[in-house]
Amino acid sequence: MIGPKFGRRSRSFSSIANTNGGCTIWQYRLLRIAAALLFLYASIAFSADYTDQRTYQFDIPKQELSQAVIKLGQTARLTIVMPSQYGNILSKQPIIGKMTVIEALNVLLINTDLGYRFLDRNTVSVSPDYPKPVLNSETDEDTGIPPYPEDINGISPIEEVIVTSQRRSENLQRIPKAISVLSSLQLERARIDDLGGLGPKVPGLTVSYFSLGQPTIHMRGIGSNDDGAALDNSVIVYLDDIFVSRISSIDVSLTDVERVEVLRGPQGTLYGRNTIGGAINVISKQPTREPEVSLAATVGNYNHAALSVAASGPIKRDTLLAKVALAGNRTDGWQKNIFLGDDQHGRENLSVRSKLSYLPNQRFSLKLGADYTWDNLNSSGRIPVAGRTPIPILDAEGKLIPIVNSAGETVKDSSGNMLLESRLPTDIFKALGGDFEHATNGLSGYTDRSIWGTTARATWENNWGEFASITGYRDSEFTWAEDSLGLPPTITNQRIGTAVDETHRQFSQEFRWTSNEDQTLRYVVGLYYLHERTERQEQFPFATGTAITIQKNKTNSYALFGQADYALTERHSITFGARYTHDEKRLNQSAENGDAPAIILENFQLTEHGSWDDFSPSLALAYQAKEDILIYGSVSRGFKSGGFQGAPGSLALAKRRIDPETAWNYEFGIKSEWLRNRLRLNLATFYTDFRDLQVVQFRTVDNFGVFETANAASATLHGAETEFVFHPMEGLEISGSYAYLRATYDSFNDTTGRDFNGNRLRQAPKHSFDMSLNYQWRIFEGHAIANLDYRYQGKSFREPDNSITVQPAFDLLDASLGYRSSSNKWEVSFWSKNLLDEEYIAHLYVLGGNDYALFGTPRTYGVTVNWRQL
């Protein structure tokens with residue numbers, strides 16, 4: 001008999017509390033590490049011999065400014081942003097020889113009607129609104145930087161966005177591909193610290209959490225819900241160019257991140273296996289050449305507290321740079337369990353990221369990185385929201401209640417089985433006083449997860465291009481348990497839970513050769529290897545017994561890829577590429593029924609092998625109609641590896657091989673800038689022909705069910721996405737996105753023969769919309785900053801059977817109001833998420849014919865203080 005607690009669980013929240021002053025162990029750890037980082041910064045600041053007049057060896061011929069600023073930035077390790085309409089201007093003279101950054105910028109921009117200013121020590125902005133350089137003229141006495149001007153009419157232009165999603169530094173507006181980018185400032189404004197926060201900001205992207213540490217990510221309706229050890233995701237996360245494989249470790253911390261690049265649609269050429277839905281490229285911040293330290297502290301309702309600190313700078317000037325960043329947070333649960341008396345949806349998190357850059361000369365660099373994340377989350381409180389199938393109830397003594405007729409006789413069905421008193425789970429839940437803030441689950445759940453990884457990136461430049469070696473290792477441990485029914489065991493005998501224990505290890509190696517920028521034909525070629533091992537044990541405790549399934553999978557993947565860009569004319573270009581992939585999987589699995597009434601129907605042991613090959617080409621044509629308008633069309637193929645389903649209920653299901661997914665994507669897009677770069681408007685339309693879509697269902701059997709994964713014969717996706725940024729007046733920025741999506745099964749019959757042709761794909765809302773308003777104005781010699789963020793997500797479905805498990809549409813509003821000092825050293829912000837306190841469903845699933853939900857977080861609010869010292 002299964003009691004009210006799972007047999008194995010992580011440390012409880014109370015066990016890590018310390019009564020000394022009401023602080024917890026993690027707070028003391030954070031304070032100690034923060035003190036160490038501050039000491040490191042002080043050591044760097046007093047020991048480093050730095051100056052604003054360092055010289056660099058430049059070798060930049062006369063060429064288009066778009067390419068020249070990239071080369072200048074790479075040489076001086078600077079980020080240079082410039083409006084795209086000036087990219088085709090030819091520099092007037094080459095930059096050759098040793099000189100300072102200031103001298104190089106003056107040479108580059110002389111007589112171009114463009115000026116520049118430093119936004120900080122590592123970022124330069126180029127615009128016609130800034131002071132024009134004059135060779136040998138005097139500059140600012142203290143910094144060597146031309147004085148800051150006022151923008152024309154007080155309206156600043158939209159800064160150029162430089163991305164590396166195509167394995168080289170390029171202007172986002174010049175890439176013939178649908179890419180969304182969120183900068184560190186945008187992440188900070190929207191308080192995004194995990195993948196869940198990205199969804200509203202990227203058209204076509206939805207992120208849902210079946211458990212608090214295990215998201216299901218869908219892009220344009222394409223995603224994965226089978227979390228078995230031998231199946232993969234459809235949208236892949238890359239952390240500093242390292243493939244993150246498992247769904248249980250894919251939700252990486254966004255602490256100390258420079259930007260996030262989201263590539264929408266199949267990315268089979270450069271990113272390869274399993275990016276059939278898209279790729280999320282997370283780029284963390286690099287060590288700086290000058291000492292920097294930053295600190296952010298937050299307090300809010302539900303006893304929320306967070307602290308982050310980072311220190312960066314040179315250990316040996318210009319040669320050895322280091323960076324360390326740490327963040328920790330905790331929040332009490334916002335949901336009360338009225339049966340157990342616990343708070344639920346509480347969490348604690350600690351993350352650390354460090355980097356070391358060795359730069360012995362202008363041609364060679366070695367960058368090492370390490371990261372660690374620990375999460376401790378408590379129960380997520382499943383709520384019954386749609387009742388269709390009654391479940392038996394118990395009397396005060398815990399016994400089933402037979403139905404009797406007026407004569408006092410037990411009523412039986414036609415088969416002679418005794419009929420029992422039953423109620424819909426939704427009616428039972430309401431009778432107990434439950435609502436979305438008051439749960440009734442009888443089992444106390446948890447999530448305990450630790451993730452760590454290391455990276456090594458070595459690059460060597462010569463006269464023909466750049467060679468890069470990218471090595472990565474990642475390790476994760478994930479334990480999770482939850483009550484699936486959401487009702488106490490004293491009410492019904494239909495009890496079921498889930499407990500998962502998973503370990504994952506992976507190693508990857510990539511060799512990449514990138515040609516020089518200043519040539520008609522530019523190309524990237526490379527080799528890739530991935531080895532991973534996953535062991536996943538799942539337990540399903542019922543009132544009568546516990547079913548257990550164990551899967552141990554080993555994967556080896558090999559790939560050869562290449563992509564080239566060729567300038568047909570000054571305005572026309574063609575991009576073509578291809579990738580060959582070979583995957584091998586070996587799965588050992590076993591299952592025990594354990595007297596459970598469902599999920600695992602029989603005992604078995606099995607070893608399965610599988611291998612798959614794929615060739616994925618891509619082609620894009622681009623036309624630069626004007627300096628600030630790019631029109632493109634593309635066709636690309638995506639591939640997701642085959643495998644074997646998770647938690648198969650029978651030997652027959654375990655033996656069944658799941659075929660790979662493939663997709664052909666046809667896309668047309670326009671990227672444009674208007675009103676002297678005060679309006680940026682990008683549009684992408686697409687049509688995707690999907691074959692052998694891997695679909696997992698929990699097929700209802702009596703009051704429970706069985707997991708079944710099958711290949712849908714075909715599906716069609718088509719839609720349109722737009723993103724915009726607008727500066728209509730001084731200090732005001734309006735930005736947002738909209739996505740229209742029509743994603744349907746063309747031909748799909750499941751293993752029982754049910755016909756789902758024409759039904760909508762799961763987690764694929766027809767309409768989604770996001771808009772942000774950010775307004776800044778001068779006050780008390782500093783700046784006040786107000787921000788509003790509205791998002792809407794339309795109705796979506798969670799099962800191929802669209803008549804059940806329908807997630808309603810919802811909309812949310814976030815807001816903040818802050819003040820930034822005139823020196824830009826500190827900022828205070830008052831904020832609120834879900835300002836209007838909307839009640840909405842964040843995730844939905846079916847069990848025994850009834851729907852159960854995880855609800856989204858109600859209104860939260862707090863204050864954050866940021867401080868930075870350069």
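With which residue does E292 form a salt bridge, and how far apart are the closest N and O atoms? In this predicted model, E292 is paired with R868, and the closest N and O atoms are 3.2 Å apart, a salt bridge being defined as a side-chain nitrogen of Lys or Arg within 4 Å of a carboxyl oxygen of Asp or Glu. The pair links distant parts of the chain, since E292 belongs to strand β16 and R868 to strand β49 (residues 860-869), 576 residues apart; helices (H or I, at least four residues) and strands (E, at least two) are DSSP runs numbered from the N terminus. E292 is buried at a relative accessible area of 11%, whereas R868 is partly exposed at 31%, where buried stands for under 20% relative accessible area, exposed for over 50%, and partly exposed for the range in between (1.4 Å probe, protein chains only).

Because the model is predicted, local features need pLDDT of at least 70 and side-chain atom pairs count only at pLDDT 80 or more, while totals for chains, interfaces and linings use all residues. Residues are numbered from 1 along each chain as its sequence is written, and side-chain values use heavy atoms, with hydrogens and water left out.

The structure holds 40 salt bridges, among them the one between E502 and R536, in which the closest N and O atoms are 2.6 Å apart. E502 is located in strand β29 (residues 497-515) and R536 in strand β30 (residues 521-541), so this pair ties together parts that are 34 residues apart in sequence. Both E502 and R536 are buried. A further salt bridge joins the side chains of E261 and R259, with an N to O distance of 2.6 Å; here E261 has a relative accessible area of 0% and is buried, and R259, at 14% relative accessibility, also counts as buried. In addition, R220, R264, E667, E721 and E723 are linked in a network of salt bridges.

Turning to the surface, a patch of negative charge is formed where D435, D837, E838 and E839 gather. Patches are made of residues with over 30% relative accessible area and no salt bridge, like charges being joined within 9 Å and nonpolar side chains (Val, Leu, Ile, Met, Phe, Trp, Tyr) within 5 Å. For the charges, Lys and Arg count as positive and Asp and Glu as negative, with His and the chain ends not counted, and the place of a charge is taken as NZ of Lys, CZ of Arg, CG of Asp or CD of Glu. Within this patch, D837 is found in the loop between β46 (826-833) and β47 (841-847) and is partly exposed, with a relative accessible area of 36%. A nonpolar surface patch of about 720 Å² is made by W460, F467, F511, L527, L560, Y580 and F615, accessible areas being obtained by the Shrake-Rupley method with a 1.4 Å probe and, for residues, with only the protein chains shown counting as cover. Of these residues, F467 belongs to strand β28 (residues 465-483) and, at 32% relative accessibility, counts as partly exposed.

Several buried positions were also examined. Helix α3 (residues 101-109) is largely enclosed by the rest of the structure, because eight of its nine residues are buried; these are V101, I102, A104, L105, N106, V107, L108 and L109. The helix is followed by N111, whose phi is positive, near 65°. A positive phi is also found at H345, a residue other than glycine, with a value near 75°; H345 occupies the loop between β20 (343-344) and β21 (347-358) and is buried, with a relative accessible area of 9%. For A647, likewise a residue other than glycine, phi is positive and near 45°, and this alanine lies in the loop between β35 (643-644) and α6 (651-655), where A647 counts as buried at 3% relative accessibility.

Two further buried residues concern positions separated in sequence or placed in a loop. I242, in strand β13 (residues 242-244), is buried with a relative accessible area of 2%, and its C-alpha is 9.4 Å from that of F507, although I242 and F507 are 265 residues apart in sequence. N301, in the loop between β16 (292-300) and β17 (304-316), counts as buried at 14% relative accessibility, and a polar atom of its side chain lies 2.9 Å from the backbone nitrogen of Y861.

Note on methods:
Polar contact = N/O pair within 3.5 Å; in protein donor to acceptor, adjacent residues only side chain to side chain.
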